[in-house]
Amino acid sequence: MIATNLKFNNPQHSDEILNKSISEILTANTLLSMANIRKNGDHFESWICTAFYAFSSSLNLYILTPPDTQHIQNLSHNKSVAVAIYDSHQEPTQHKRGLQVFGSCEQANGIRLVDGYRLYAMRFVWLPDFIKKPEDFAKGIIQSKLYVIHPKEIKIFDEPTFGEEVWVTVSIEN
């Protein structure tokens, strides 16, 4: 998978170590949980879903999901999302790794659709069996569309790299 090479300007950890940790966690996992806000009448409620993902070197996350799902409908009111990425098979007594990502989500269009399609098809080799090129999404061959999550902040939990119970927070400028 694509390694990241972003500048974080974190005073405690080098960009190289931060990029390596994030890239390894993103590469080792394929499923994320995404939370957002559902408007229900005059009040708001939390909502969560799971989706398979691909990622870019700028840490954009791409998910494939039907546009009529509740989590996508929620984006029409509020594009803010929180994402958790981790291996659910980790043992509580061993060193753990995971990411919490905070940002926004929208349907991928233009160059983001092209990049997202390429990355998703590389990671999930079955996609080109249905969608031969990015323009095919508009043809309705499959119900799902490609969405891009733009991270603004990432909390890294990587005990083998940073120590037990240490969270490292970095900001992303897209």
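How far apart are the end C-alpha atoms of helix α1?

**View 1. Helix α1 and its span in this predicted model.** Helix α1 runs over residues 15-28. With 14 residues at 1.5 Å a residue, α1 should span 20 Å, and its end C-alpha atoms are indeed 20 Å apart, so the two agree. As for what α1 tucks away, the buried residues are Asp15, Leu18, Asn19, Ser21, Ile22, Ser23, Ile25 and Leu26.

**View 2. The largest nonpolar core.** This core has 30 residues, and the members touching the most others are Leu32, Leu61 and Ile156. At least two core residues come from each of α1, β1 (31-40), β2 (43-55), β3 (61-65), β4 (80-86), β5 (97-107), β6 (145-158) and β7 (167-171). There's also a second, separate core of 16 residues, with Ala108, Ala121, Phe124 and Leu146 among them. As a rule, nonpolar side chains in soluble globular proteins tend to be buried together.

**View 3. Zooming in on Ile156.** Skip the neighbours within four places in sequence, and Ile156 still has plenty to show. Its contacts include Leu18, Ser21, Ile22 and Ile25, each of them also listed among the buried residues of α1. Ile156 is in contact with Gly98 and Leu99 too, as well as with Phe162, Val166, Trp167, Val168 and Val170.

**View 4. Two cysteines, no bond.** You'll find zero disulfides here. The cysteine sulfur nearest to that of Cys49 belongs to Cys105, 8.5 Å away, and a disulfide needs the sulfur atoms within 2.5 Å, so Cys49 is in no disulfide. Cys105 is likewise in no disulfide. Cys49 counts as buried because its relative accessible area is 9%, and Cys105 is buried with a value of 0%.

Conventions
Residues numbered from 1 in each chain as written. Predicted model: local features only at pLDDT ≥ 70, side-chain atom pairs only at ≥ 80, totals over all residues. Heavy atoms only, no water. Helix = DSSP H or I, 4+ residues; strand = E, 2+ residues; numbered from the N terminus. Expected span 1.5 Å × (residues − 1). Buried < 20%, exposed > 50% of the residue type's maximum accessible area, 1.4 Å probe, protein only. Core = buried A, V, L, I, M, F, W, Y, C linked by side-chain atoms within 4.5 Å. Contact = heavy atoms within 4.5 Å.
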